[in-house]
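Subject: Structure handover

Hi,

Here is the structure I said I would pass on. Have a look at it first, and then read my notes underneath.

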Amino acid sequence: MKEKITNKKSLITFFVILLILIFIIFFIKNNYKNFKTGNNMSNKSIEEIEEYILNISSYAATVQVTIESNKNTNKYVLSQQYISPNKSKQIVLEPSNIAGLEIEADGQKLSINNTRFNLSKIYDNYEYVVENFLNLESFIEDYKSCKETGKTKLYEEDDEFVLEVEQNSNKYVFNKKLYISKATGKPTKLLINDINEKTVVYILYNEISINDL
């Protein structure tokens with residue numbers, strides 16, 4: 001009887017140890033995979049980073065936007081989401097007087113949601129908030145279309161890669177530069193310059209996750 005109890009305890013102990021070992025192996029393997037993936041970004045070439053950015057299928061970001069006009073400077077904090085091929089959503093977090101304003105697009109229509117505001121007033125005072133050039137997918141589309149005509153540049157600047165596109169059709173949105181961290185492969189900022197090379201829109205990516213939606 002004692003021998004059976006001892007064998008049963010030994011069997012239970014064996015299975016407990018086996019489960020612990022399986023858990024440890026799974027944990028190590030999963031973390032190694034994540035670690036390896038993170039390191040891969042820092043090892044990618046500039047061409048590989050370019051391909052990675054141009055093939056983004058979704059992203060979620062919190063951005064700080066500064067817009068310079070002839071009259072004044074406006075600053076916003078926005079929450080942005082995009083899912084390929086054409087679904088996007090932007091929510092104004094700051095300033096407080098238009099916080100909660102939502103702009104959604106699905107490729108066919110644009111909707112602006114917030115029952116507190118008069119829409120005509122929004123367009124008059126905050127027209128840039130509803131412009132799609134504030135979105136990363138807009139830059140990607142422009143870059144892809146202009147790459148075929150040789151109006152793009154790809155180069156390094158300190159610890160960042162730069163994707164640059166030139167558009168001659170609009171003197172106010174003449175040139176765009178997207179800065180990518182060499183370490184993470186993620187966008188850090190987007191500059192939109194006018195024909196005189198003045199930065200009229202500065203977008204800082206405070207947070208961004210790619211291909212997680």
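Below is what came out of going through it, from the overall layout down to single residues.

Before anything else, please keep in mind that this is a predicted model.

The big picture

The protein has four helices and ten strands. Reading from the N terminus, the order is α-α-β-β-β-β-β-α-α-β-β-β-β-β. There are 213 residues, and 34% of them count as buried. Among contacts with a separation of 6 or more, 39% are between residues 24 or more positions apart. As for the surface, the accessible area is about 13700 Å², and carbon and sulfur atoms account for 52% of that.

The core

The largest nonpolar core holds 40 residues, and the members that touch the most others are V65, L178, V201 and Y205. Quite a list of elements gives two or more residues to this core: helix 2 (46-54), helix 4, strand 1, strand 2 (73-83), strand 7 (160-166), strand 8 (175-181), strand 9 (187-193) and strand 10 (199-210). Strand 10 has the largest share, with six residues.

V201 is a good place to centre your view. Beyond its sequence neighbours within four places, V201 is in contact with V65, T66 and I67, with F133 and L134, and with L190, L191 and I192.

T66 turns up in that list, so I looked at it from the other side too. T66 sits in strand 1 (residues 58-68). Is T66 buried or exposed? Its relative accessible area is 16%, and the cut-off for buried is under 20%, so T66 counts as buried. Setting aside residues up to four places away in sequence, T66 touches T73, N74 and K75 as well as V200, V201 and Y202.

Helix 4

Helix 4 covers residues 136-147, and its geometry checks out: twelve residues at 1.5 Å each should span 16 Å, and the end C-alpha atoms are indeed 16 Å apart. The buried residues in helix 4 are L136, E137, S138, F139, I140, D142, Y143 and C146. As you can see, E137 and D142 are on that list, and D142 comes back in the next section.

Salt bridges

How many salt bridges does a search of the whole structure find? It finds four, and here are three of them.

- D142 and K176: the side chains meet at 2.6 Å, N to O. D142 is in helix 4 and K176 in strand 8, so this pair ties together parts that are 34 residues apart in sequence. Both ends are buried: D142 has 15% relative accessibility, and K176 has 1%.

- E50 and K147: this salt bridge is 3.3 Å, N to O. With E50 in helix 2 and K147 in helix 4, the pair ties together parts that are 97 residues apart in sequence. E50 is buried at 8% relative accessible area, whereas K147 is partly exposed at 40%.

- E102 and K89: here the N to O distance is 3.8 Å. The pair links E102 in strand 4 (residues 102-105) to K89 in strand 3 (residues 87-94), 13 residues apart. E102 is partly exposed at 23% relative accessibility, and K89 is partly exposed at 29%.

On the surface

There is a nonpolar patch on the surface made of I17, I20, L21, F23, I24 and I25, and together these residues have about 590 Å² of accessible area. One of them, I20, is found in helix 1 (residues 2-43). I20 has a relative accessible area of 46%, so it counts as partly exposed.

One loop residue to finish with: S96 lies in the loop between strand 3 and strand 4. S96 counts as exposed, since its relative accessibility is 66% and the cut-off for exposed is over 50%. C-alpha to C-alpha, S96 is 9.6 Å from Y76, and the two are 20 residues apart in sequence.

If you want a short tour in your viewer, start at V201 and its contacts, move on to D142 and K176, and end at the patch that includes I20.

Cheers

Note on methods: Residues numbered from 1 in each chain as written. Predicted model: local features only at pLDDT ≥ 70, side-chain atom pairs only at ≥ 80, totals over all residues. Heavy atoms only, no water. Buried < 20%, exposed > 50% of the residue type's maximum accessible area, 1.4 Å probe, protein only. Contact = heavy atoms within 4.5 Å. Patch = residues over 30% accessible without salt bridge, like charges linked within 9 Å, V, L, I, M, F, W, Y side chains within 5 Å. Areas by Shrake-Rupley, 256 points an atom, 1.4 Å probe, with all protein chains shown as cover. Expected span 1.5 Å × (residues − 1). Core = buried A, V, L, I, M, F, W, Y, C linked by side-chain atoms within 4.5 Å.
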